Amino acid sequence: MLKSNNNLIPNGPKPKKAFSRSNIIIYGTLIVISIYYLLPLWVMVMTSLKGMPEIRMGNIFSPPLEITFEPWIKAWAHACTGINCDGLSRGFWNSVKILIPSLILSISVASVNGYALANWKFRGSEVFFTILIFGAFIPYQIMIYPIVILLREIGLMGSTAGLVLVHTIFGMPILTLLFRNHFAAIPEELFKAARVDGAGFWGIYFKVLLPMSVPIFVVAIILQVTGIWNDFLFGVIYTKPATYPMTVQLNNIVNSVQGVKEYNVNMAATLLTGLVPLAIYFVSGKLFVRGIAAGAVKG
Amino acid sequence: MKNIKKTKKPNQFFRNINAKIASIPMILTVLIVFLGGSIWTIVYSFTSSRLLPKWKFVGFDQYERLWETRRWIISIENLAIYGIFSLIFTLVIGFTLAALLDRKIRFENTFRSILLYPFALSFIVTGLTWQWILNPDFGLQGVVRDWGWKSFSFDPLNDPETVMFGLLISGLWQGTGLIMVILLAGLRGIDEDIWRAARVDGIGTVKTYIYIIIPMMRPVFITALVLIAAGIIKIYDLVVAQTDGGPGIASEVPAKYVMDYMFGAQNLGQGFAASTMMLVSVIVILIPWAYLEFGGKKHA
């Protein structure tokens with residue numbers, strides 16, 4: 001408010017002193033809480049850069065006396081899960097192989113579907129949509145086993161393709177809602193004008209709506225990249241060790257009971273897994289917030 | 001009227017056919033996976049399925065066994081403890097943070113980014129990180145002891161009494177940011193005039209929040225409540241990563257019970273019965289919410 005006021009007539013409350021009591025309380029609280037929220041990230045980074053002897057002697061909050069990148073290299077290329085010792089790199093590439101087709105499939109299906117629901121309503125479409133949204137709240141556990149049977153029947157159990165299908169299915173409620181609300185907010189005149197010009201269902205979608213909907217697609221991509229990358233439940237059920245996504249492999253590496261615990265390697269591996277969503281988060285900024293707000297607020 | 005319609009559009013099915021084609025994935029998902037899958041599991045929860053689904057009905061046997069199993073009872077108790085505290089703390093902390101960010105402060109974006117970033121992480125990452133911070137030898141407890149407070153004890157993950165609070169610490173760390181953002185959006189929707197009126201009437205800031213703003217934000221709070229509750233019932237990854245249900249079975253949760261009985265103990269019937277119980281609990285939460293949300297609007 002203070003910044004945006006260029007009027008000559010004073011408007012709004014009197015400017016507060018910078019060090020008023022309430023300001024000290026507000027900033028003080030926020031800074032203390034921010035430090036608390038940042039602490040785990042700090043601990044992860046610091047631990048991952050220390051050697052094991054230093055970890056055993058020192059404290060987890062102190063920066064390393066001697067920086068080493070050994071844990072990162074080991075976590076990426078040599079850490080063991082069971083008999084495989086090729087590190088998290090395999091899980092990373094598995095996750096990429098799961099992520100990209102899931103992203104394309106789920107977003108194209110949901111955007112076309114949301115478009116149909118917003119602009120081409122047919123009898124029963126609202127009923128299906130309502131059940132779809134309720135589906136987002138049904139505990140996954142109740143649908144897990146029937147999907148196992150389905151995937152086994154079509155021969156996709158344990159494969160990346162099967163998991164892609166699962167992500168497409170469970171990404172559908174939220175993405176459809178996102179696209180439906182977006183397309184419904186587009187002025188109807190535009191839609192009618194395109195129809196008068198002879199554009200049909202697909203013509204309007206590809207030539208009119210798609211070019212003007214880039215931001216909502218970015219929001220959907222952000223939502224799906226973080227969601228799919230962070231998934232553990234579906235990965236652990238529908239894939240096998242050779243195709244495990246990164247989160248599942250990470251958990252297996254860190255929580256394996258064999259051998260001496262290498263906390264620095266574990267933290268490097270944890271950070272590596274968190275890096276992709278964190279990068280998306282810090283790059284996308286406000287769009288990420290828009291994505292989760294769209295996900296949170298009902299239609 | 002009906003007759004005119006009939007003669008005008010002889011084939012209803014092909015009307016709007018492209019939209020129907022575009023909706024096929026949704027229709028299949030709803031019919032086969034959401035409805036079909038749920039009903040299938042509910043039906044098979046009344047059978048004696050073990051390694052494989054078996055078409056042999058045993059009535060409520062699975063449910064009786066479920067409620068006689070100590071592990072399930074502990075899972076439910078844990079979920080209740082975690083749920084109640086998580087609900088209270090997430091709302092209180094989330095609202096406090098949102099209110100602080102709403103006080104027209106500088107660096108709002110920076111603070112918001114910091115408070116929300118854990119939400120971008122996987123529960124596995126969160127769980128493993130806090131497992132390390134709460135490590136009794138090298139983590140927080142070890143550090144404080146090194147500072148000279150030798151008798152300091154903070155080892156929640158290895159004590160059956162407090163392990164759920166160890167999980168709560170990391171769950172709150174990850175989840176409060178989301179609720180903060182949602183409540184902040186709600187606060188931004190409050191008319192500036194309300195604040196002016198409150199100020200004119202000489203009502204203090206805290207009082208204005210409690211008696212005027214919060215009641216006005218009821219719909220936003222309900223949304224937040226539903227989101228938190230849905231998240232609580234689903235809690236699984238965090239437990240697997242941070243404690244794996246331990247020590248012993250002290251931090252087991254229902255979702256993990258389902259998974260372990262379905263895929264570990266090869267006792268499908270128990271898994272089906274437990275997951276049906278989870279569905280029932282969600283419906284108990286959802287129906288009043290749906291009524292408030294959608295039922296109320298029609299009357300207004």
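Helices and strands are taken here as DSSP runs, with at least four residues for a helix and at least two for a strand, and they are numbered from the N terminus. On that basis, chain B of this predicted model has 15 helices and 0 strands. With a radius of gyration of 25 Å, well over the 19 Å that the globule rule gives for 300 residues, chain B is more spread out than a compact globule. The C-alpha trace of chain B covers about 85 × 60 × 30 Å along its principal axes. Burial applies to 40% of its 300 residues. Of the contacts in chain B that link residues at least 6 apart in sequence, 68% bring together residues at least 24 apart.

Chain A can be introduced in a similar way. It holds 14 helices and 0 strands, so a walk from the N terminus meets one α element after another. The radius of gyration of chain A is 25 Å, whereas a compact globule of 299 residues would have a value near 19 Å. Along the principal axes, the C-alpha trace of chain A extends over about 75 × 75 × 30 Å. Buried residues make up 43% of the 299 in chain A. As for contacts in chain A with a separation of 6 or more, 72% come from residues 24 or more positions apart.

The text now turns to places where a helix of one chain meets a helix of the other. Two packed helices are described by the angle between their axes and the distance between the axes. One such pair consists of helix α5 of chain A, residues 125-135, and helix α3 of chain B, residues 24-44; their axes come within 10 Å and cross at roughly 50°. This angle makes α5(A) oblique to α3(B), and the crossing is left-handed. On the α5(A) side, the contact is formed by A:F128, A:I131, A:L132 and A:G135, while α3(B) contributes B:M26, B:I27, B:T29, B:V30, B:F34 and B:L35. Sorted by class, these residues comprise 8 nonpolar, 2 polar and no charged.

A further pair joins helix α1 of chain A, residues 21-48, to helix α7 of chain B, residues 123-133. Here the axes come within 10 Å and cross at roughly 75°. Because angles of 65 to 115 degrees count as roughly perpendicular, α1(A) is roughly perpendicular to α7(B). In this contact, A:P40, A:V43, A:M44 and A:T47 of α1(A) meet B:T129, B:W130, B:W132 and B:I133 of α7(B). The contact of α1(A) with α7(B) includes 6 nonpolar and 2 polar residues, with no charged ones.

How values were computed. Residues are numbered from 1 along each chain as its sequence is written. Chains are lettered from A and ligands numbered from 1 in the order in which they are written. This is a predicted model: local features need pLDDT of at least 70, side-chain atom pairs count only at pLDDT 80 or more; totals for chains, interfaces and linings use all residues. Axes are lines fitted to C-alpha atoms, for helices over the stretch in contact, and angles run from 0 to 180 degrees between N-to-C directions. Angles under 35 degrees count as roughly parallel, over 145 as roughly antiparallel, 65 to 115 as roughly perpendicular and the rest as oblique. A crossing is left-handed if the near helix is turned anticlockwise from the far one by less than a right angle, and right-handed if clockwise. Two residues are in contact if their C-beta atoms, placed from the backbone, lie within 7 Å. Ala, Val, Leu, Ile, Met, Phe, Trp, Tyr, Cys and Pro count as nonpolar, Asp, Glu, Lys and Arg as charged, and the others, Gly among them, as polar. The radius of gyration is taken over C-alpha atoms; the globule rule is 2.2 Å times the number of residues to the power 0.38. A residue is buried if 20 or more other C-beta atoms lie within 10 Å of its own, exposed if 12 or fewer, and partly exposed in between; C-beta atoms are placed from the backbone.
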